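Subject: Structure handover

Dear colleague,

I am passing on a structure that you have not worked with before, and I would be grateful if you could keep it open while you read. My notes follow directly below it.

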Amino acid sequence: MKKLPDTHWLYTLPVAHRGLHGGGVPENSLTAFRLAMEAGYAVETDLHLTRDGVLVAFHDDTLYRMTGAEGNIKEKTYAELAALTLANSQEKIPTFDQLLALIRGKVPLLIELKSNGEKGLEEAVCKRLKAYNGAYALQSFDPFILRRVKKCAPEMLRGQLSSFFEDQNFGFLKRTILRRMTLNVISKPHFISYNEKNLPYRLARKKNKPLLCWTVKTEENYRHAKKVADNVIFEDIRPDLPAVWTD
């Protein structure tokens with residue numbers, strides 16, 4: 001793949017992490033996505049596949065933090081999830097189709113595929129996006145997910161998420177492989193998305209690939225991010241928008 005133009009949205013358009021949430025608006029809710037879209041930001045979300053094959057926008061593997069319910073999201077049907085509300089609000093867990101119908105190509109989507117063992121997740125996402133008329137990119141911490149995306153839709157933009165994983169109970173070898181993104185040789189990402197706290201890091205800056213950083217939550221962190229990365233995934237702040245961006 002050729003280098004993306006410098007005006008491409010992955011270089012220039014700040015990305016609202018799980019939408020513009022806070023102040024009673026839950027993360028990964030349709031209201032949070034709508035507010036981010038109306039503000040002109042790209043929208044980041046996370047996708048899981050339910051037990052009955054419905055793609056839903058939700059971050060955690062388990063339901064408790066955001067809904068108060070017990071259980072793992074991949075073990076639930078969509079009907080079971082539809083009965084829940086998000087974070088003491090009236091908001092429901094959105095389906096991917098609801099999100100796409102809301103955005104309708106007005107702003108780009110940055111979609112994280114969660115590594116929760118849902119069989120068929122990548123194929124379901126790729127099939128749905130092939131019928132979607134709008135800008136988007138996929139990212140994951142799991143290089144094997146990205147490899148499967150590459151197999152089913154090589155034209156789709158793929159991003160490798162990574163970090164130093166200091167807060168994870170990983171062994172030395174696993175942490176080293178993930179931190180250094182050693183398995184990029186099989187996933188062939190088009191961009192890198194790295195923990196802002198770990199930047200600058202020489203292995204995060206790849207030739208001709210945008211470098212995004214996550215999750216920038218303060219103006220101080222934003223100033224640092226602008227020095228060490230091309231673009232930011234943010235919460236709690238309102239970064240300036242570019243004069244122009246392209247697909």
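**Salt bridges**

Lysine 217 is partly exposed, with a relative accessible area of 41%. Please bear in mind that this value, like the others in this message, comes from a predicted model. The partner of lysine 217 in a salt bridge is glutamate 235, and the closest N and O atoms of the two are 3.9 Å apart. Glutamate 235 lies in the segment after strand E9 (231–234), whereas lysine 217 sits in the loop between E8 and helix H10 (219–228), so the pair ties together parts that are 18 residues apart in sequence. Glutamate 235 itself is buried, at a relative accessible area of 11%.

In total, the structure holds eleven salt bridges. Another of them joins the side chains of arginine 65 and aspartate 60, at 2.7 Å from N to O; here arginine 65 is partly exposed at 47% relative accessible area, while aspartate 60 is buried at 14%. A third one links arginine 34 to glutamate 38, with the closest N and O atoms 3.2 Å apart. These two residues are four positions apart in helix H2, which puts about one helical turn between them. Arginine 34 is partly exposed, with a relative accessible area of 30%, and glutamate 38 is exposed, with 53%.

**Helix H2 and its surroundings**

Helix H2 covers residues 30–39, and its buried residues are Thr31, Ala32, Phe33, Ala36 and Met37. The elements that cover these buried residues include strand E1 (15–16), strand E2 (42–49), strand E3 (55–57) and helix H5 (96–103). Just after H2, glycine 40 adopts a positive phi of about 95°.

**A buried glutamate without a salt bridge**

Which side chain of opposite charge is nearest to glutamate 196? It is lysine 197, at a distance of 6.7 Å, and glutamate 196 therefore has no salt bridge although it is buried, given that a salt bridge requires the nitrogen and the oxygen to be within 4 Å. Glutamate 196 is placed in the loop between strand E7 (191–195) and strand E8 (211–216). Leaving aside residues up to four places away in sequence, glutamate 196 touches Cys213, Trp214, Val216, Asn221, His224 and Ala225.

**Cysteines**

One of those contacts, cysteine 213, is buried with a relative accessible area of 0%, and cysteine 126 is also buried, with 2%. A search of the whole structure nevertheless finds zero disulfides.

**The protein as a whole**

The protein has ten helices and nine strands. Its radius of gyration is 17 Å, close to the 18 Å that the globule rule gives for 247 residues, so the protein is as compact as a globular protein of that length. The C-alpha trace spans about 45 × 40 × 35 Å along the principal axes. Of the 247 residues, 53% count as buried, and the exposed area is about 11,800 Å², of which carbon and sulfur atoms supply 51%. Among contacts with a separation of 6 or more, 58% are between residues 24 or more positions apart.

With best regards

Note on methods
Residues are numbered from 1 along each chain as its sequence is written. This is a predicted model: local features need pLDDT of at least 70, side-chain atom pairs count only at pLDDT 80 or more; totals for chains, interfaces and linings use all residues. Side-chain values use heavy atoms; hydrogens and water are left out. A disulfide is a pair of cysteine sulfur atoms within 2.5 Å. Buried means under 20% relative accessible area, exposed over 50%, partly exposed in between (1.4 Å probe, protein chains only). Lys and Arg count as positive and Asp and Glu as negative; His and the chain ends are not counted. Contact means heavy atoms within 4.5 Å. The radius of gyration is taken over C-alpha atoms; the globule rule is 2.2 Å times the number of residues to the power 0.38. Accessible areas come from the Shrake-Rupley method with a 1.4 Å probe; for residues, only the protein chains shown count as cover.
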